[in-house]
Amino acid sequence: MVQVTHLQAELREKELRETKLHEQLRKKEQLEENLRKQSAKMEQQLTNPRGQMQERNERLRDNQVTALRQQLEEKDQEINEFETTLSAAQDELCEHQRQQSPEWFISRDHIQLTSKFLGKGGWGSVVEGKFCGCSVEVKQIHELILSPHHCKLFEREMNIASRCRHPCLLHFIGATNDEGDPLFVTELMETSLRTLLEQRALS
């Protein structure tokens, strides 16, 4: 009987210890759950400022891009206005230069043509003439090829010829630049190039 009572006491004590262990386990699980919740809350608190900062940085970057794009558009507009102004100034300068008489211009009244024919080419015929009392060669441009385009080519050729100086070149005296057929005046060659080549062998 005493032994049974002792066993019953040990059983109750064992059940009591088991109950305490279950209670401790439940508290431990509850504590772990609380820790997980606190950890999640702290992580959320850390994530929100990071997200807000990222959003703020994105807005700042967008504002900077918009401002730079606006500045670029303003610069493009300024460049376009400058190019327009420059183009108008260049056109005005060209028109002014065109209206002014070039340095190589000579009056048609100072040129006397003779009937002595010297040669003919694709642009015109060459006759002997007089300029300020001196014998000269006068090239008369064919009337058939006269056009605004060819007149510009003629002016360009005269501008080039007026700057060319060489012992092997005929001295350019000048040219007319009026409404009549252009006249191109150079010094008179003593002989023709063909005759000179026939008389002298090429070295």
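**Exercise 1. Which exposed residues does the face of α2 turned away from its buried side carry?** Work out also how the helix is placed in the protein.

Solution. The model used here is a predicted one.

Step 1. Locate the helix and check its length. Helix α2 covers residues 148-161, and its 14 residues should span 20 Å at 1.5 Å a residue. The C-alpha atoms at its two ends lie 20 Å apart, which agrees with that expectation.

Step 2. List the buried residues, using the cut-off of under 20% relative accessible area. In α2 these are Phe-154, Met-158 and Ala-161.

Step 3. Look down the helix axis. The buried residues of α2 fall within an arc of 65°, so they line one face of the helix. A general rule helps here: an α-helix has 3.6 residues a turn, so residues three or four places apart point the same way.

Step 4. Turn to the other face. Pro-148, His-149, Lys-152 and Arg-156 are the exposed residues carried by the face of α2 that is turned away from its buried side.

Step 5. Find what lies over the buried side. The cover of the buried residues of α2 includes β3 (134-141), β4 and β5.

**Exercise 2. Give the order of the strands in the sheet and explain what is special about its edges.**

Solution.

Step 1. Count the elements. The protein has three helices and five strands. Along the sequence they follow the pattern α-β-β-β-α-β-β-α.

Step 2. Write down the order in the sheet. The five strands form an open sheet, ordered β1-β2-β3-β5-β4 and paired antiparallel.

Step 3. Read off the ends of that order. β1 and β4 stand at the edges with a single partner strand each, so one side of each has no neighbour in the sheet. From one strand to the next, the twist averages 30°.

**Exercise 3. Follow the pairing from β1 through β2 and β3 to β5, naming residues that stand opposite each other.**

Solution.

Step 1. Begin with β1 (residues 111-120) and β2 (residues 124-131). These antiparallel strands are joined by six bridges. One facing pair is Ile-111 and Phe-131 of β2. The connection from β1 to β2 is a hairpin of three residues.

Step 2. Go on to β2 and β3, which run antiparallel and are joined by eight bridges. Gly-124 has Ile-141 in β3 as its bridge partner. These two strands also form a hairpin, with two residues between them.

Step 3. End with β3 and β5, an antiparallel pair with five bridges. Glu-137 is partnered by Thr-186 in β5, and Val-136 stands opposite Glu-187 in β5.

**Exercise 4. Which residue in the turn between β2 and β3 has a positive phi, and is that residue buried or exposed?**

Solution.

Step 1. Name the residue. Cys-132 lies in the loop between β2 and β3, and its phi is near 55°, a positive value in a residue other than glycine.

Step 2. Set this beside the general rule. Most residues other than glycine have a negative phi.

Step 3. Apply the cut-off for exposed residues, which is over 50% relative accessible area. Cys-132 is exposed because its relative accessible area is 61%.

**Exercise 5. Describe the surroundings of two threonines, Thr-176 and Thr-186.**

Solution.

Step 1. Place Thr-176. It is in the loop between β4 (172-175) and β5 (183-187). Thr-176 counts as buried because its relative accessibility is 2%.

Step 2. List what touches Thr-176. Setting aside residues up to four places away in sequence, its contacts include Trp-104, Phe-105, Ile-106, Arg-108 and Ile-111. Phe-154 is also among them, a residue already met as one of the buried residues of α2.

Step 3. Look for a polar contact. The side chain of Thr-176 reaches the backbone nitrogen of Leu-183 at 2.9 Å.

Step 4. Place Thr-186. This residue is in strand β5 and, at 8% relative accessibility, counts as buried.

Step 5. List the contacts of Thr-186. Neighbours within four places in sequence aside, they are Val-136, Glu-137, Leu-170, His-171, Phe-172 and Ile-173. Glu-137 is also the bridge partner of Thr-186.

**Exercise 6. What percentage of the residues of the protein count as buried?**

Solution.

Step 1. Take the whole protein of 203 residues; 13% of them count as buried.

Step 2. Consider contacts between residues at least 6 apart in sequence. Of these, 44% join residues at least 24 apart.

Key
Residues are numbered from 1 along each chain as its sequence is written. This is a predicted model: local features need pLDDT of at least 70, side-chain atom pairs count only at pLDDT 80 or more; totals for chains, interfaces and linings use all residues. Side-chain values use heavy atoms; hydrogens and water are left out. Two strands pair if DSSP finds at least two bridges between them. Helices (H or I, at least four residues) and strands (E, at least two) are DSSP runs, numbered from the N terminus. Buried means under 20% relative accessible area, exposed over 50%, partly exposed in between (1.4 Å probe, protein chains only). A polar contact is a pair of N or O atoms within 3.5 Å; within protein, one must be able to donate a hydrogen and the other to accept it, and residues adjacent in sequence count only if both atoms are side-chain atoms. Contact means heavy atoms within 4.5 Å. The expected span of a helix is 1.5 Å times one less than its number of residues. The arc is that of the directions from the helix axis to the C-beta atoms. Axes are lines fitted to C-alpha atoms, for helices over the stretch in contact, and angles run from 0 to 180 degrees between N-to-C directions.
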